[in-house]
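Me: Hi! Could you walk me through this one? I'm new to reading protein structures.

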Amino acid sequence: MIRKYLGDKKSIEARSTDNGRTWSVKLYDSGRVTEYTGGTLAEVDALAAKHKMKLER
């Protein structure tokens with residue numbers, strides 16, 4: 001499963017592994033990429049909220 005979040009000059013692409021229990025995340029921020037692994041969906045949502053991003057529909 002893939003979830004994408006969009007914000008002002010920022011975006012997040014999260015991909016689930018292990019049947020949606022753990023997530024691999026790439027945070028794109030003004031040309032920089034930060035990667036996170038092993039997060040939960042709640043942590044991904046919290047990261048998006050912290051950066052004022054909304055889920056892309």
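Reply: Happy to, and we'll take the sheet, the helix, the core and a couple of residues in turn. Keep in mind that this is a predicted model.

Me: Cool. In what order do the strands of the sheet come?

Reply: The order is E4-E3-E2-E1-E5, in an open sheet of five strands with antiparallel pairing.

Me: Which strands stand at the edges?

Reply: Strand E4 (32-39) and strand E5 (54-55) do. Each has a single partner strand, so one side of each has no neighbour in the sheet.

Me: And how many bridges do E3 and E4 pair over?

Reply: E3 and E4 pair over six bridges, in the antiparallel sense. Lysine 26 stands opposite glutamate 35, which is in E4.

Me: Switching topic: which strands does H1 lie across?

Reply: H1 lies across strand E1 (2-7), E2, E3 and E4. Relative to E1, H1 runs at about 15°.

Me: What's in the largest nonpolar core?

Reply: That core has ten residues, among them Tyr5, Trp23, Val25 and Met53. Strand E2 (10-17), strand E3 (22-29) and helix H1 (41-50) each supply at least two residues of the core.

Me: Let's follow up on valine 25. What does it touch?

Reply: Leaving out residues up to four places away in sequence, valine 25 touches Ile12, Glu13, Ala14, Thr34, Glu35, Tyr36, Val44 and Leu47.

Me: Glutamate 13, then: where is it found?

Reply: Glutamate 13 is in strand E2. Its side chain makes a polar contact with the side chain of arginine 15, at 3.0 Å. With the residues up to four places away in sequence left out, glutamate 13 touches several others, including Ile2, Lys4 and Tyr28.

Definitions and conventions:
Residues are numbered from 1 along each chain as its sequence is written. This is a predicted model: local features need pLDDT of at least 70, side-chain atom pairs count only at pLDDT 80 or more; totals for chains, interfaces and linings use all residues. Side-chain values use heavy atoms; hydrogens and water are left out. A nonpolar core is a set of buried Ala, Val, Leu, Ile, Met, Phe, Trp, Tyr and Cys residues joined through side-chain atoms within 4.5 Å. Buried means under 20% relative accessible area, exposed over 50%, partly exposed in between (1.4 Å probe, protein chains only). Helices (H or I, at least four residues) and strands (E, at least two) are DSSP runs, numbered from the N terminus. Contact means heavy atoms within 4.5 Å. Two strands pair if DSSP finds at least two bridges between them. Axes are lines fitted to C-alpha atoms, for helices over the stretch in contact, and angles run from 0 to 180 degrees between N-to-C directions. A polar contact is a pair of N or O atoms within 3.5 Å; within protein, one must be able to donate a hydrogen and the other to accept it, and residues adjacent in sequence count only if both atoms are side-chain atoms.
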